[in-house]
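This report describes one protein chain, taking its sheet, its helix and its hairpin in turn. Please keep the sequence and the structure in view while reading.

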Amino acid sequence: MDVLHDRAVRLFKFLRELALLKTKIVRDLSEYEKVVWLNDVPEYKNCFSVLGPESDKLPDSTWIQIRQSIEPKRPAIPDILRKWLEEDVIEDPHAEPQLKDRITFSSSVFQDAPTLYSQEQTELLTDHPEVLREWERWKQDNWLPWVEAHTNWGSVDKVYFQLFSIHQQLKKLGERYELLLGLGLLTWETPNNQVIKRHVIVGEAQLSFDPDRAKFELQAPPEGVKLHLETDMVEQSYLPSLEQLKELESLLGMTQESPWNKEEI
């Protein structure tokens, strides 16, 4: 039996190494086409993650649910402030507004009609306390709340379009792409200086889109997550024994048979 066992182990190693020769080994997940982290899904209306505080609102076996949200409208600038604001700031929706310390304008006078004469005048901001008061009020009541809302919206919008891009790729090239859920991130620099950053436990995932509600859902497929170990990024000499790997896979099989709930993620 020991001889047969040794032969089986050697055959397993040979077949594994042969398969690896024909396959590009990805050791860093940043090399994948698209990567979305569950903890990058922000707290926002119509956006839920299994890691968020409102995860109880998610359907069973769903990890992300996100709907497209309307961009918060930039607050209107009061007329009393408009001429004091830097012009490029008014055009750039992400730049923090700044007041000029002075403004210069032309005033026109008629002398010896019909000849028109003009002259430049300068006003200092320090001479207009009413502008400063309105500025502080507008900034606290309008600008800063909008910045926070727009930042949160931007985070949601980024995740939404990441999922949109993944969905489009799966529709076009579904035979060449695989959507997976990764658990147990291994970050390790091996003794021979190989840097590994990949998940060792992987399961199947499904991304669905409801066009009527502009909603994406990332969830377990109907046939289940089917968790399994992935160790191809680790050299054979650094792997646990075959018996230990089988024991780990057995434990994953037990997890797979139980209902996939939020505590297991």
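Two strands are taken to pair if DSSP finds at least two bridges between them. In this predicted model, that criterion applies to strand E5 (residues 180–189) and strand E6 (residues 195–204), which pair in the antiparallel sense over nine bridges, and within this pairing tryptophan 188 has isoleucine 196 in E6 as its bridge partner.

## The hairpin and its extension

E5 and E6 form a hairpin with five residues between the strands, where asparagine 193 takes a positive phi near 70°. E6 also pairs in the antiparallel sense with strand E9 (residues 228–229), here over two bridges, and valine 202 stands opposite histidine 228 in E9.

The loop between E8 and E9 contains glycine 224, which counts as partly exposed because its relative accessibility is 22%, and the limits for that class are 20% and 50%. The C-alpha atom of glycine 224 is separated by 9.1 Å from that of serine 61, although the two residues are 163 residues apart along the chain.

## The four-stranded sheet

Four strands make up an open sheet in the order E1-E2-E8-E7, and their pairing is antiparallel. Its edges are formed by strand E1 (47–49) and strand E7 (206–210), each of which pairs on one side only. On average, and with direction ignored, neighbouring strands of this sheet are turned by 15° against each other.

Within the sheet, strand E2 (residues 62–67) and strand E8 (residues 215–219) run antiparallel and are joined by five bridges. Isoleucine 64 stands opposite leucine 218 in E8.

## Helix H4 across the sheet

Helix H4 (residues 129–173) has 45 residues, so at 1.5 Å a residue it should span 66 Å, and the 62 Å between its end C-alpha atoms agrees with this expectation. The helix nevertheless has a bend of about 45° at lysine 139.

In relation to the sheet, H4 lies across E1, E2, E7 and E8, and it runs at about 110° to E2. Phenylalanine 161, which is found in H4, is 9.0 Å from glutamine 68, C-alpha to C-alpha, while the two are 93 residues apart in sequence.

## Aromatic pairs

When rings are taken to pair if their centres lie within 6.5 Å, the count comes to eight aromatic pairs. One of these is formed by tyrosine 160 and phenylalanine 161, with 5.5 Å from centre to centre and 75° between the planes, an edge-to-face arrangement. Ring pairs link Tyr160, Phe161, Phe164, Phe209 and Phe216 into a cluster.

Are tyrosine 160 and phenylalanine 161 buried or exposed? Tyrosine 160 counts as buried because its relative accessibility is 4%, and the class requires a value under 20%. Phenylalanine 161, with a relative accessible area of 38%, is partly exposed. The edge-to-face pair of tyrosine 160 and phenylalanine 161 thus brings together a buried ring residue and a partly exposed one.

Notes: Residues numbered from 1 in each chain as written. Predicted model: local features only at pLDDT ≥ 70, side-chain atom pairs only at ≥ 80, totals over all residues. Heavy atoms only, no water. Expected span 1.5 Å × (residues − 1). Bend = angle between axes of the 7 residues up to and from the residue. Buried < 20%, exposed > 50% of the residue type's maximum accessible area, 1.4 Å probe, protein only. Axes fitted to C-alpha atoms, helices over the stretch in contact; angles between N-to-C directions. Contact = heavy atoms within 4.5 Å. Phe/Tyr/Trp six-rings, centres within 6.5 Å; stacked < 30°, edge-to-face > 60°.
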